[in-house]
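Student: Could you take me through one part of this protein slowly? I'd like a close look at a sheet and whatever sits around it.

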Amino acid sequence: MRKYIALAIGLLSVASWHLAAQIIHVSTPNTSLVFQVQNNKVFQSYYGKHLDATTGIETMGNVFREAYPAFGDGGDKEVALIVTHADGTMATDLVYATHVQGMNGNIQSTTISLKDTKLPFYVDLHFNAYQSEGIIEQWVTIRHSEKGKVKLSQYASSTIGFMADAYYLTHFYGAWAREMHMTEEPLTRGIKSVETKRGIRTTEFENPSFFLGLNQPASEDNGEVVLGALAWPGNFRINFEVDNIEICQMTAGINPYTSDYNLKSGELFTTPRMILAYSDAGKNGASILMHRWARKYNLRDGDKIRPVVLNSWEGAYFDFDAKKLKSMMDGAAEMGVEMFVLDDGWFGNKYPRNNDKAGLGDWQVNKTKLPAGISDLINYAESKGMKFGIWLEPEMVNPASELAEKHPDWIIQRKNNREQLLQRNQLVLDLSNPKVQDFVFGALDDLIKQNPHIAYIKWDANRHIQNFGSTYLPADEQSHLWIDYAKGLESVFARFAQKYPDVILQDCSSGGGRVEYGSLKYAHEFWASDDTDPFERLFIQWGTNHVYPAIATAAHVTKSPNHQTGRETPLKFRFDVAMSGRMGIEMRPDDFTPKELIFAKQAVATYKKIRPVIEFGDLYRIQSPYDADGFASLNYVSADKSQAVWFVYSHEYHQRQEQNLFRVKGLIPNANYRITELNMDSPKASIPCNGKVLSGSLLMNRGIEMEIRKPMDSGVFLLTKVE
Ligand code: GLA
C-alpha cells in the first residue's frame, strides 16, 4: 500500500508543504476523519481508526482528494459538485474560508466553510460526530449571491477516500418480496454505482447503504470495515471509484440523474445526510454502532417498546366488514395482541376500495363496509384492551377516484397527451406542489382529528414515478421533480411527526421499498417485505439488520402455506423468525387450530418478556443463512449483558451424525448464565443443558450441541446472568 503514497507524492504538487497546515480533526473515540488546509485548499488527510494525535500529518502530502472537489477546479476525477454559474460559466474552485468546531453534549459538530475563488458561491461541509455511538454524519449546504440562478448538476452529500490494499463492497439488492439480499464483490479499477432512479419505492432494488471491507473481505468480527447509509427517500447514488493511485473514493448523495437544480440567489440547498460507521471489529461491530445510533437519533421513540400488532392484510385483504374485523379483534385480544391494524380497503364511497382498482385518494370511510365508521372499530379494539391503527397510501391516487376527478393537475404526469402508465392501477400525487403536501397531511390529520384514538399509521406507497412531469413546476424547473418530491415527502413526514408525536408510524412501500434513514427519522418502523415466508425472511431480515435495527423491523407471522411462496412451515418456525424483529401477526385468528391458538398465545407472552433484549439490545450475527451449511443463528445482548436471547434456525436437513454445535457471542466471559429454551412446541428441549448454568466463556468458545436438524426447525433460548 505504501507504494501508492509514494506514487501520489511523486504526482502531486508539494509546493505548499513548508506552510503551516491547518488540521481539522473530526473524531469519535473509535474513528477519525482528518482534513488539512494547504495552499488554501481543503484536502482529506485521513479516514479510519481513531488517531490520538495528528502530529506530522502535514508532511504526508495530499494523497487524498479535496474535501469537496468541484468541476473546474483542476482535478480530473469524479467530483462532488458541478455548477453552471449565473453567468453561464462552469468552473468552480472552492477554497477554505473558515471552520468552526465545538462539542454539544455527545456530538462534536464541525462546519468547514468553502467559497469560490471568484464568484459569490459558498459550500459548507457539516459533520456531526456522535461520541458514544462512534458515528460520523455528513451533509452539505450550498448557497450563492450571484446575479441570477445557478444550476446545480451534481451535489454530493459526502465524498471520502479510503486507503487499503484491496476493497470489498457489500451492497443490498433485491426486488419486490425479495428485499435486502446481500452480495460482496472485490472492487477493481473504475466506478461501481449503487443507485436508484425510481423516485419512490427507492429501496426495493438497491438500498442506499453498504459495507466496505478494507484489505480483506468483510468478516463479521475482524478487520477494518466501513458501513455507510444515506438518509434520503428519493433517488440516490453511491459511487465507489478505485482510481489510478488505488484509493477508493466513495461519493454519495442524491442521484443527479435528470435532476439539475436551479438555485436562486440567497436560497439554501441542503443535501441529505450520509451516515458512516468505521469498525476494526468487522461488520458486526459496525452494525452495532449504527443500530445504537439509529435508536437514539434516527428513529422515533427508539427507547420505547413496540406493541405486538395484528395487521388485517393477509387475513382479510379487501374482503371484510365490521363483523369480520371484530371477530379478528376478538382472537387478537385473546392472543395478547396490543395493536389491531386495519390495512387497505376501508375507504372510498363513489369509488369503493374493494380491490386495487379504485378509491385511492378518497380517504373517507366506506359506508357499506363500515357503516358505524372507524370510531366503532376503535371503541371495540379498546374494549378488548387493544389500540387501533390504520393503513393509508396518501401519496397515491387511482384514476377511478373522486380525487382524480377533482384535481387531475395534482397528478404526476407526462405532458403532450402522452399515455399515463399505471402500476397497480394507480398514479402518483405531485408532492412538489405545496397544495398537494397539504392534502396529504390533511388526509392523515382529518382522519386522526375525527378519530383521535388512532394510535398507529401504516403509510404505504405502491408504485414509483414513471410518468415524469409536474403541472406545478415551471417549464425550466421540471428537473426539480425528483428532489422536490422527496423534500415534499420529508416535510409532510415532519409535520405529521410533530403534530402526532404519540402516533406510531410504519413506513411501507410495496413491502421494503422505503427502508432508509431519511424516512425512518420520522417513523418508528418499516415493513421489511411483503414476503412473509419465514424461510425467505431469514435472508431478508439478515440483510436488513446489517444496517437497520430489529426494533424497526416489522416481521409478521402469517398463514401456512405462505401466500407469496406457497411454502409450508411450522407455526413455531414462523414465530421464531418473527420474534427476532418487531413481532406481529398477519392472519385471521380463526385460522389457528385450538392447539395452535394456545401456542400463539404463549408465543406472544414469551415475546413480550424478551422484547426489551431484542428491541434495545446489541445484535450479534453468528451463522449466516447465506452460508452453505443450512443454518442461521443470531443473538441479542442487553446493554448490561445480563440477558441474551439467542435464535437458531435450520433451513436444510442435517443428518443425525452431524455435529450441531452452536456458539453465542457478546456475553461476559467470566459471568455465568442460565440457559432456558423458550417457545417450545414439544416437551423435549433442543439442548441437553436446558435450565443449567454455564459460563459465558463456555457458551462463547465451546458452544453447545442442539437437536435442530430438520428443515424449518428452530430454537429460541434465553440466557440470564446468575450471581
Ligand atoms: C402493499 C403493502 C402490503 C399491503 C398492501 C395493501 O403491498 O406492502 O403490506 O398493505 O399494499 O394494498
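Tutor: Sure, let's start with one sheet, then visit a buried residue, a pair of helices and a few odd backbone spots. Keep in mind that this is a predicted model.

The sheet is built from six strands, in the order 31-32-33-38-35-36, and it is an open one with antiparallel pairing. Strand 31 (618-623) and strand 36 (693-695) sit at the edges with a single partner strand each, so one side of each has no neighbour in the sheet. On average, neighbouring strands here are turned by 25° against each other, if you ignore direction. In general, what holds strands of a sheet together is backbone hydrogen bonding.

Now zoom in on one pair. Strand 32 (residues 631-637) runs antiparallel to strand 33 (residues 643-650), and seven bridges link them. Across this pair, asparagine 635 stands opposite tryptophan 646 of strand 33. The sheet also has a helix lying on it: helix 11 (residues 571-578) lies across strand 33, strand 35 (672-678) and strand 38 (713-722), at about 50° to strand 38.

Just before that helix there's a loop, which starts after strand 29 (553-557) and holds proline 561. The peptide bond between serine 560 and proline 561 is cis, with omega at about -5°. That's worth a second look, as most peptide bonds are trans.

Next stop: asparagine 311, in strand 21 (residues 309-311). Its relative accessibility is 2%, so asparagine 311 counts as buried, the cut-off being under 20%. Its side chain has polar company: one of its polar atoms is 2.7 Å from the backbone nitrogen of tryptophan 313, and a polar contact of 2.9 Å ties it to the side chain of aspartate 343. Beyond four places in sequence, the residues touching asparagine 311 include Val341, Lys458, His556 and Glu586.

For the helices, look at helix 2 (residues 282-298) and helix 10 (residues 534-547), whose axes come within 7 Å and cross at roughly 70°. That makes the two helices roughly perpendicular. Lys283, Ser287, Met290 and His291 of helix 2 meet Asn545, His546 and Val547 of helix 10. Sorted by type, the residues of this contact are two nonpolar, four polar and one charged.

Last, two backbone oddities. Asparagine 39, in the loop between strand 2 (31-38) and strand 3 (41-49), has a positive phi near 55°. Alanine 177, in the loop between strand 11 (167-173) and strand 12 (181-186), has a positive phi too, about 60°. Alanine 177 counts as buried, because its relative accessibility is 10%.

Key
Residues numbered from 1 in each chain as written. Predicted model: local features only at pLDDT ≥ 70, side-chain atom pairs only at ≥ 80, totals over all residues. Heavy atoms only, no water. Pairing = 2+ DSSP bridges. Helix = DSSP H or I, 4+ residues; strand = E, 2+ residues; numbered from the N terminus. Axes fitted to C-alpha atoms, helices over the stretch in contact; angles between N-to-C directions. Contact = heavy atoms within 4.5 Å. Buried < 20%, exposed > 50% of the residue type's maximum accessible area, 1.4 Å probe, protein only. Polar contact = N/O pair within 3.5 Å; in protein donor to acceptor, adjacent residues only side chain to side chain. Parallel < 35°, antiparallel > 145°, perpendicular 65-115°, else oblique. Nonpolar A, V, L, I, M, F, W, Y, C, P; charged D, E, K, R; others polar.
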